[in-house]
Amino acid sequence: MSNVILDIRNIHKKFDDQLVLNGIDMHVSEKEVVSIIGSSGSGKTTLLRCLNLLNEPDDGHIYFLGDDLMDKHTDIDKLRMHMGMVFQSFNLFNNKTVLDNCTLAPIKLLKMVKEDADKLALKLLDKVGMRDFAHLPVTQLSGGQKQRVAIARALAMNPKIMLFDEPTSALDPEMVGEVLQVIKNLAKEGMTMVIVTHEMSFAKEVSDRVVFMDQGIIVEMGSPKQIFEEPKEERTQAFLKRFVKIENTL
């Protein structure tokens, strides 16, 4: 792996009296795909949302492209422009077309002229298989289509890293595959990604490293082969056994 572009050191986060993250240390290198797995309530999504300060950590440091996001002098908005975020619930603008959803940020934040923004958006929509839907209102799309538009919208800002928060959890089962395929294609192209997911077979296939979290800590991290086939920690073993049972009943 090449340069470390995201370095997380000793991150803590509480909500009221509940400790959700308890001393998280990890890093992400350029072109690396890191998947975060774990049970509901383990702290996965909170950690992901801390990476661009959608949730602000109580303590610790997050270095992105060499700048400490926790430093009050850091221009957070400027750095966020280099972090693409894809949410469970799409977060598209329902009063706009597919194309307008993808061009709004480049025009407003990157000061791109509309013609260039349209051209870029159409190229990215083509990449995710949604070019034919460019002029439709997003309210006419299925969940899987909306999520593919959300990915294109994030890519339109030319991010250095993409953050995915359970990108398939709100989708009907038949739509999951189309979204996962788009993410797999991005991985093949060398996009740096952090993915919170409950799709174990996908995490095994797409990741360079897998992080298993439980009760606000990283219990174990390693290659997909090590985590899924040779887990060392009892908590990792127990979690994966539960998932194998669930998958076998589907």
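**Surface, fold and selected residues of the predicted model**

The protein chain exposes about 12,400 Å², of which carbon and sulfur atoms supply 47%. The structure described here is a predicted model, and the protein chain in it has nine helices and 10 strands. Along its principal axes, the C-alpha trace of the protein chain spans about 55 × 50 × 40 Å. For a chain of 250 residues, a compact globule would have a radius of gyration near 18 Å, and the protein chain agrees with this expectation because its own value is 18 Å. Buried residues make up 52% of the 250 residues, and among the contacts with a sequence separation of 6 or more, 64% are accounted for by residues 24 or more positions apart. The protein chain carries 31 positive and 36 negative charges, and the mean positions of these two sets are 3 Å apart.

Helix α3 comprises residues 98–109, and its buried residues are V98, L99, N101, C102, T103 and P106. The cover over the buried residues of α3 includes two further helices, α4 (114–127) and α5 (143–155). In general, an α-helix has 3.6 residues a turn, so residues three or four places apart point the same way. Following α3 comes K111, whose phi is positive and near 60°.

R148 is a residue of helix α5, and it counts as buried because its relative accessibility is 11%, which falls under the 20% limit for a buried residue. Two polar partners of the R148 side chain can be named. The side chains of R148 and E178 are joined by a polar contact of 3.2 Å, while a polar atom of the R148 side chain lies 3.5 Å from the backbone oxygen of G129. When residues up to four places away in sequence are not counted, R148 touches V128, G129, M130, E178, V179 and V182, so that E178 and G129 appear both among the residues touched and as polar partners.

M130, one of the residues touched by R148, is found in the loop between α4 and α5. With a relative accessibility of 0%, M130 counts as buried. Leaving aside the neighbours within four places in sequence, M130 is in contact with L125, L141, Q145, R148 and V149. By contrast with these contacts, M130 and S42 are 34 Å apart in space, C-alpha to C-alpha, and 88 residues apart in sequence.

Backbone geometry was also examined. Most residues other than glycine have a negative phi, and most peptide bonds are trans. L53, which is not a glycine, nevertheless has a positive phi of about 65°; this residue lies in the loop between α1 (44–50) and β4 (59–64). L53 is buried, with a relative accessible area of 11%. A positive phi, near 55°, is likewise found at N91, a residue other than glycine, and N91 lies in the loop between β6 (83–86) and α3. Whereas L53 is buried, N91 counts as partly exposed because its relative accessibility is 40%, a value in between the limits of 20% for buried and 50% for exposed residues.

Methods
Residues are numbered from 1 along each chain as its sequence is written. This is a predicted model: local features need pLDDT of at least 70, side-chain atom pairs count only at pLDDT 80 or more; totals for chains, interfaces and linings use all residues. Side-chain values use heavy atoms; hydrogens and water are left out. Helices (H or I, at least four residues) and strands (E, at least two) are DSSP runs, numbered from the N terminus. The radius of gyration is taken over C-alpha atoms; the globule rule is 2.2 Å times the number of residues to the power 0.38. Buried means under 20% relative accessible area, exposed over 50%, partly exposed in between (1.4 Å probe, protein chains only). Contact means heavy atoms within 4.5 Å. Accessible areas come from the Shrake-Rupley method with a 1.4 Å probe; for residues, only the protein chains shown count as cover. Lys and Arg count as positive and Asp and Glu as negative; His and the chain ends are not counted. The place of a charge is taken as NZ of Lys, CZ of Arg, CG of Asp or CD of Glu. A polar contact is a pair of N or O atoms within 3.5 Å; within protein, one must be able to donate a hydrogen and the other to accept it, and residues adjacent in sequence count only if both atoms are side-chain atoms.
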